[in-house]
Each structure stands twice: as structure tokens, then as C-alpha cells.
Amino acid sequence: MDISQIDPWILACSAVTVVVTIIMGFRSAKSSKSASDFFVAGRSVSVGWNASAISGEYLSAASFMGVAGMVMLSGYDALWYPVCYACGYLFLLLFIAGPLRRFGAYTVPDFAEGRYDSPVFRKIAVCFVLFIGFFYTMPQMKGAGTTLAYIFPGLPYWVGVALVGAVITLNVALGGMKGITVVQAVQYWIKMFAISLPVFVLLSVFGGYGKNLSLNQSPTDFSSPPAIEQSVDPGQMQRLALPEKAPKDEAWISPFGPLTTKATKAAGMSPEESRPYSLLYTFSLIVALVCGTAGLPHILVRFYTNPDGVAAKRTTMWVMILIGVFYVFPPIFGVLGRNFLPELYNATGAKGTDKVVLELPILIRQKYGVLGSILSGVTCAGAFAAFMSTFSGLLVSMTGALAHDVYGRMLRPHASAQERMRMFKWSAVLIGGIAVLLGSQVEMLDINFMVGQAFAIAAASYFPLLFMSVWWRGMTMAGAATGMLAGGLLALACVTLTSVSDILAKTSKAAALDAGEVWVPDALNAFWIGHPLARILAEQPALWAVPLAIGLMIVVSKLTRKTIPADVRMKMLVLHAPEALGLKQEYIQEHQGTAH
Amino acid sequence: MHHKTPTTPQENDFIHSEEFLHGLMKRQLKLSIACAAAFLVLLIGLPLLNYLAPEFMGQRVGGFTLSWLVLGVLFFPYVWIIARLFISRSIGLENAEVHHAAEGNKRQS
């Protein structure tokens, strides 16, 4: 490692973020004492804090770094990601947030068990919390390793993963969720500051958002003389030449570009022929992202930290505003990156377009000297906040599942509060350790691909479970479990299959290029080339997996009609009746009367 | 705000009736579906417009293509408006339900 290559400003900003995170974790550790503090922060977090904390947790490394990189790489189609990440919350608000909160369980497995009176179903749901959670921690770990490698040139990837993993695990083990709520909330504002300030500075130097977009010309602009020529003087702005690998202007700025035409392009279809396929791809992507947001376990658990259902709804409103405002900014980095950092198109992986957010502010160093370094330091601090906050949120959620569900409910149902708290700490260490191990193995995988996997699984498993359980009283445990397992596992299998074939294709193509031979696709890739529709539906399975899961739930529930929980009307009342009616307390009393 | 309407734990009063639950869920679902429909119009409509009217969506507005402006900027405030409407309506609905339940209980006893 060459120490002279380290930029002191970038290092200082990142170090401050990490130190502030640790200090806040330790300070709040003193104030969180009871077991319920650890699990859901005593359910007393205010709307403002909670909304900032949910947003802080949600804006992960993929949002902070990945979205900008993807917009730079693929153009218009990549805009669906930030839009659907943000708008998935609306679905959550409309159909799930209120009822789930009224039902009042600590975790989603609590809900699964309570709704169907089934400890078996709880075990299945716990597996999915851990499953989706680990899939979602891997890209965060990749972000950590990549950012540390940018700050300390030459540092091995796994060292960064281990370092960040250890810091967060310690923080969660000592502070629990109460500590984390404060940390998450502050980290949202660090991220917001870190993404917006450099954009304002960069836009003032390089010209506005629209101006920069107008440098990308499409055929529409030639056929009808654009109004833009009156408002913008093109002579003022000059972008750098695009390398061979960059997508052409027309494909980049128009819908149905490189992201959605990969499969049909490989199959040798003309752009006109591939348009219907691109439309299908776009719709499937939308379903995955919107439903996946509503099904992510580490987000759902935070609805329980609101004092009541009205607060839960108001929290969701603020979350949508906070993350919506945030998501306007990363695409601007992508647009500026295309015009002024085109050399990133030639690199791959950690050195490619994914680091455009970290690298772009350096450009103004020529004009404003040290300000460029400071701004790059600010975005690095934001990246740190991004993967640290998302990882700690996941860690709390997964640790809660392990300590509260597996230990507290299954292994030792009569454990004392003190034993449970000790178990929470050990669970945090165990899960943190596994996450670091997994994270150090995924250097070669793409951040956004891994996040997409987590969303696809959540969309096809948790979303149908929650949606149907809340709104249809005819659901049975067998129906819910069949739909959730079939949808979730099939989606997982398809996404994994396409990614494995992509890795195979990439390595064999590189080998063929080195040997000077023509690339011969393996059996799997040959199949995809021959069947672009199958390829699209496997890469984006939500369009069929979500209806399949819901359909299975309906059919199996109808077949097992006799096993509908006896007190389903009371359960539905608790889910839907206003909290002021006090039905929840009554339900608990009745349940305690019959269960023990 | 948080006054609790006294409820009797007996199973045959109004708020435990099929009638109350059915009406409650129906009104809530109707509100949610109406808001979701407003959201889905844009979510499904935008790709369709891009597909069917590429020239129109490709026209420039202040340097943006119309499609980029809608998806990259205007989509967010649109969703905020729907959320705002939903929240005020659903809080109003809850208050009405509490009132309705109290009335129903009085009628039955």
C-alpha cells in the first residue's frame, strides 16, 4: 500500500463518519436497558426520528453509488430503479403498514405465527428473514470493500469488509436498536448532504441537469428542431469524447436502451423487433422493485417502533419525501459522469462506473484546488454512511430474528430478560461474522445484481404473504406457506441461474479473446441466445412469480378451507379496526386465557 | 386523542359483528385501491407512452426529454400527493369508524 497516494481530505471525512457512528452507538448503549429497548426501541421513537432512520437504513450502497453508476452505464432505463425504490413505499403505506402495526408483533415471523396460530410457519418466515437479509448484506459488504480500496489504494478488498463489519457488529451488540435509530437518522442526513452538496457545486461548474442531458442527441431532436437550442448555447459546453464501449446517445437517453435489450441483442434481433421484449422487461422490473420494497424485512420491522398506527402512516409519508428528494440526485451524477468522466466506461467492477459518485468531485480540483478533494471526501463519507447504516439495520433485524424467534420462542421460551439480552449480543456477533465471511467472497459480483436478487425474493415471498394475509380472511397456513415458498424459491432459482450463466459467459469470452479464438457459448448461454423471452423472464421473474405466489395461495387455501383459523374474524378486526377501539388488548387477554 | 371507547368483551355486540368488520374492510380497501389506481396509471402508463408515442415522449423540455423529466423528477411529487391524500382520508376514516362503532353499540344495547 502506497501511503502517499492517500488523499488526507478524503481520509479525514470518512474517519469522522466512522468515529461519530461509534461514539453515538456507545453513548446510546448506556440509555438502552430493557429487552424491548433492544428489539423495537421501546416503541417510542418519534415520527421525525423514525422516518429519518428508515430512510437512512434504506439508502444503501446500491442507492448511493450503484444508481449513479447504472444511470451512467445504461441511461434512461436505470431511472426505474430509484423511482421504484422510492415508490414501493406507497404500496407499503396503502396496503400493509397500518394493519401490520395494529396487529402489533415484534417481527414478521411474529405476524406469520399470530395470524395463523402456527409455530411451524414462524420457522419458515424466520428462514426468509435470514435468507433475504444475507443476500442484502453482501452488496453492502462489497460497497465497503470497494470504497476502502478507493480511499487506501492497494488495500486488499477483504480487509475493508472485515473492518467495516467488525465496527458495525460491535455497535449493534452494544447499543441495540435504540442506539441504531439515532445513528440511522443522523446517517440519513449525512447521505443527503453528501449527495446534494457535490451536485450543486458540480452543476454550477459544468452547467445544469437539463443542459448536460441535452448534449445527448436522439433522432427525435433532428426530426423536430428542439426548443432547447433557444434556451441553451451549445457552444458553451463541451463534453469529452465517448469511448467505444459507451452506449450511443440515442440508446442511452431513450427508453428501452441497453439494460432492457441485452437478451434480444444477444439473440440478434433488430431494434424494432426487440421493443415488445423491452416493454415486458420494464414491467417485470417495476413489479419486482415496487413489491420488493414492501417486502423487505429490515424495513418492515421499523413500523413497530411507531407509537400508533397514525404515526406509522405519517412516518411512511415522511420516508417517501426524504428518499424521493434523495433519489433525484444520483442520476445527475450519472449524467455528468457520462459527459465528463467517460474513461470509466472502459473499466469494469470496482474501477468502473460504480465509483462515479466518489470520483466526479475530484474533477473540480483543477479549477478550485482543495475543494475538489473535500467534496470527494464528503461523498466518501456518504458512501460510508450508506453501507454502514443499511448493514446495521439488517444486522438488527436478523439478530432480532435469531435471538427473539429462534432462541426466545423455539429453543428457550422461558428465558429471562437478562438471558435474552445476552443472547441478542451473541447473535449479533455470530451474524456479523457470517456476513463478513460471505461479503469477502463476492468481490467479483455486481452490487446492483445482488440487490436485485434480494428484491426479487422479497417481492415473490413476503409481499404476497403480507398482502393476502391482511386482506383475505380465507387464507390458511398451508396456502400462505405454499405460495411464499414456491414464489420465493422459484424467483431465487431463476435469478441465480441467469447470473451464473452471465459469469460463465464473461469468463469464457475473456479466455477466448486471450487465445484469439471465436467465443462459443456454453449450453446454457446458447439456450438463452435461442430463447430471449425465457431469458428475460428468468432475469426479471417478478412479473410471473408474484401472481404465481398469490394464485397458489388462493388455490391451496380454498382446498384447505377447513383449517382457516377459528378466530379469524377477531384477527381481522385487530388488523383493521381503529386502535382507539381497544380490540388489541382484548385479543391479547383472550389469547393468554386460551393458550396457557 | 387517545381516549379508549369502553368495550365489553362479549362476542355479540356491534363491533364484533360480521356487519361491522365487512363494512370496515370494504371502506379501507376501497380507499387503498383508489389511491393505488392513481399510482398505477402513471406506473403502467409511462412505459406504454414510451412504447406507443416515442416521438412525443422524446421531445425536449428545458434540455430533458419529456420522458426523463417525468421519471427522473416529476414522479416523486406525484406520489407524495397520492400519499398525502391517502393519509388524511384514512385518518378521517378511522375517526368515523370509532364514531360508527359507538353508535352501533348504543343501538344494540
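Q: Before the cavities come up, what counts as a helix here?
A: A helix is a DSSP run of H or I with at least four residues, and helices are numbered from the N terminus. The model is a predicted one.

Q: Which helices supply at least two residues each to the lining of the largest cavity?
A: Three elements do so: helix H5 (80–103) of chain A, and helix H1 (18–52) and helix H3 (66–108) of chain B. The largest share of that lining, seven residues, belongs to H5(A).

Q: How much space lies in the largest cavity, and which residues are closest to its centre?
A: The largest cavity holds about 140 Å³ of space. It is lined by 17 residues, and A:Arg102, A:Lys313, B:Gln28, B:Ser32 and B:Phe86 are the closest to the centre.

Q: What is the lining like by class?
A: Nine residues of the lining are nonpolar, five are polar and three are charged.

Q: And how many cavities of 30 Å³ or more does the structure hold?
A: There are eight of them.

Q: Changing topic to the interface: how much area do chain A and chain B bury between them?
A: They bury about 5,600 Å², and carbon and sulfur atoms account for 73% of it. On the side of chain A, the residues that lose the most area to chain B are A:Leu94, A:Trp471 and A:Leu581, together 11% of what that side buries.

Q: How many residues does each chain bring to the contact?
A: Chain A contributes 67 residues and chain B contributes 62 residues.

Q: What about salt bridges between the two chains?
A: The count is three. One salt bridge joins A:Arg473 to B:Glu18, with the closest N and O atoms 2.8 Å apart. The side of chain A that touches chain B has 44 nonpolar, 13 polar and ten charged residues.

Q: How many residue pairs are in polar contact across the interface?
A: Twelve pairs are found, with both residues at pLDDT 80 or more.

Key. Residues numbered from 1 in each chain as written. Chains lettered and ligands numbered in written order. Predicted model: local features only at pLDDT ≥ 70, side-chain atom pairs only at ≥ 80, totals over all residues. Heavy atoms only, no water. Contact = heavy atoms within 4.5 Å. Buried area = accessible area lost by both parts, 1.4 Å probe. Salt bridge = Lys/Arg side-chain N within 4 Å of Asp/Glu carboxyl O. Polar contact = N/O pair within 3.5 Å; in protein donor to acceptor, adjacent residues only side chain to side chain. Nonpolar A, V, L, I, M, F, W, Y, C, P; charged D, E, K, R; others polar. 1 Å grid on protein atoms, 1.4 Å probe; cavity = no way out; pocket = protein on both sides within 12 Å on 5 of 7 lines; lining within 4 Å. Points joined across faces, edges and corners; volume = space filled by probe spheres on them.
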